[in-house]
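The exercises below are meant to be worked through with the sequence and the model side by side. Each task is followed by a solution that goes step by step.

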Amino acid sequence: MLLLLFAVGLFAGDLAPYSAGSEFVQFINKPQPLFTAHHWLGTDVIGHDFLTQMLFAVHETLGASLLCAPGAAVLGAILGALAGYYGGVVDGIVTFVSAALWSVPAIAILLIVVIFSKFPVTPAQFGFYLLLYLWPGVARVVRAQFIALRDREYVEAAHAAGASGPRIILRHLLPNSSGPIIVAMSALVGQSIIIVATVDYLGWGTEQSEKPTLGSLIADATRGTGFAAAPWWLYFIPGVTLAVLLACVNLVGDALDEALSA
């Protein structure tokens, strides 16, 4: 299921029957039901083909999340490695900054950043903002691993052989910490998907019609009408898709954790 969702996101432009944001004026304020001719998932209240909007929503949601997770993992691994290996002042600075970031909810920080930046933001910009916030999770994991590994015999042997600190980190400590880093990165994907959906639901994410996300589709279906008055498929389909995507990411993360910890 996760591979299917990734494939849908990757090839959304080829699979979509229409371009994102295309409006059918005859259907404005007259949403068509499921399985309407030429509109298999019906249309929304603005006259968009809902199948097209769903395909691009998966693309945009995964795009922002996947732009964030690898970058946050790399930044967190670098800072966590420096903190865990060198300790002292470096460890204190990294620990203080990560604790300061985690003391404020992600939604609050991102809303402030997005509001004061050029609106609407692109998925690349939003992924960058997420990267700057989510790296402490990986940094803490890597720091703990390095503290546990830096006194091992092979590290002492590398010291005795004259290996430099960066060489020991890159050649000996990071490879032995790759499992926890991969697991932490999979958790970042799930976190970023939730944050992207929430911010877009609040209306401060990407352009709603041309670059829809799962969160913005749910918001468009319910804003000003409520769940009772909105056609059910306009919030049910993106809501279920979001739930399935998060469940798949979490299950894969749990499986990686079990496999790499064995």
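**Exercise 1. Find the aromatic pairs of this predicted model, and classify those that involve W232.**

Solution. The search through this predicted model gives five aromatic pairs in the structure. In one of them, the ring centres of W232 and W233 are 6.2 Å apart and the planes stand at 90°, and because planes over 60 degrees apart count as edge-to-face, the pair is edge-to-face. The next step is to take W232 with F236, where the centres are 5.7 Å apart and the planes meet at 65°, so that this pair is edge-to-face as well. Elsewhere, ring pairs join Y18, F24 and F27 into a cluster.

**Exercise 2. Decide for W232, W233 and F236 whether each is buried, partly exposed or exposed, and work out how W232 and F236 are placed along their helix.**

Solution. Buried means under 20% relative accessible area and exposed means over 50%, with partly exposed in between. W232 has a relative accessible area of 45% and is therefore partly exposed, and F236, with 46%, is partly exposed too. W233, in contrast, has 9% and counts as buried. As for placement, W232 and F236 are four residues apart in helix α12 (residues 232-261), which means that about one helical turn separates them. An α-helix has 3.6 residues a turn, so residues three or four places apart point the same way.

**Exercise 3. Describe the surroundings of D44, starting from its place in the chain.**

Solution. First, D44 is located in the loop between α2 (12-15) and α3. Second, its relative accessibility is 6%, and because this is under 20%, D44 counts as buried. Third, a polar atom of the D44 side chain lies 3.0 Å from the backbone nitrogen of G47, and a polar atom of the same residue's side chain lies 2.7 Å from the backbone nitrogen of H48. Finally, when neighbours within four places in sequence are set aside, D44 is in contact with F27, P31, F50, Q53 and L234.

**Exercise 4. Check whether the length of helix α9 (residues 178-201) agrees or disagrees with its residue count.**

Solution. The expected span is 1.5 Å times one less than the number of residues, so the 24 residues of α9 should span 34 Å. The C-alpha atoms at the two ends of α9 are 35 Å apart, which agrees with that expectation. After α9 comes G203, whose phi is positive, near 90°.

**Exercise 5. Which residues touch the most other members of the largest nonpolar core, and what does the chain look like as a whole?**

Solution. The largest nonpolar core has 68 residues, of which F126, L130, L134, I193 and I195 touch the most other members. Helix α3 (residues 50-86) gives the most to this core, with 16 residues. In soluble globular proteins, nonpolar side chains tend to be buried together. Turning to the whole chain, its secondary structure comes to twelve helices and zero strands, and 45% of its 262 residues count as buried. Among contacts with a separation of 6 or more, 71% are accounted for by residues 24 or more positions apart. The C-alpha trace spans about 75 × 40 × 30 Å along its principal axes.

Definitions and conventions
Residues are numbered from 1 along each chain as its sequence is written. This is a predicted model: local features need pLDDT of at least 70, side-chain atom pairs count only at pLDDT 80 or more; totals for chains, interfaces and linings use all residues. Side-chain values use heavy atoms; hydrogens and water are left out. A nonpolar core is a set of buried Ala, Val, Leu, Ile, Met, Phe, Trp, Tyr and Cys residues joined through side-chain atoms within 4.5 Å. Buried means under 20% relative accessible area, exposed over 50%, partly exposed in between (1.4 Å probe, protein chains only). A polar contact is a pair of N or O atoms within 3.5 Å; within protein, one must be able to donate a hydrogen and the other to accept it, and residues adjacent in sequence count only if both atoms are side-chain atoms. Contact means heavy atoms within 4.5 Å. Rings of Phe, Tyr and Trp (its six-membered ring) pair if their centres lie within 6.5 Å; planes under 30 degrees apart count as stacked, over 60 as edge-to-face and the rest as tilted.
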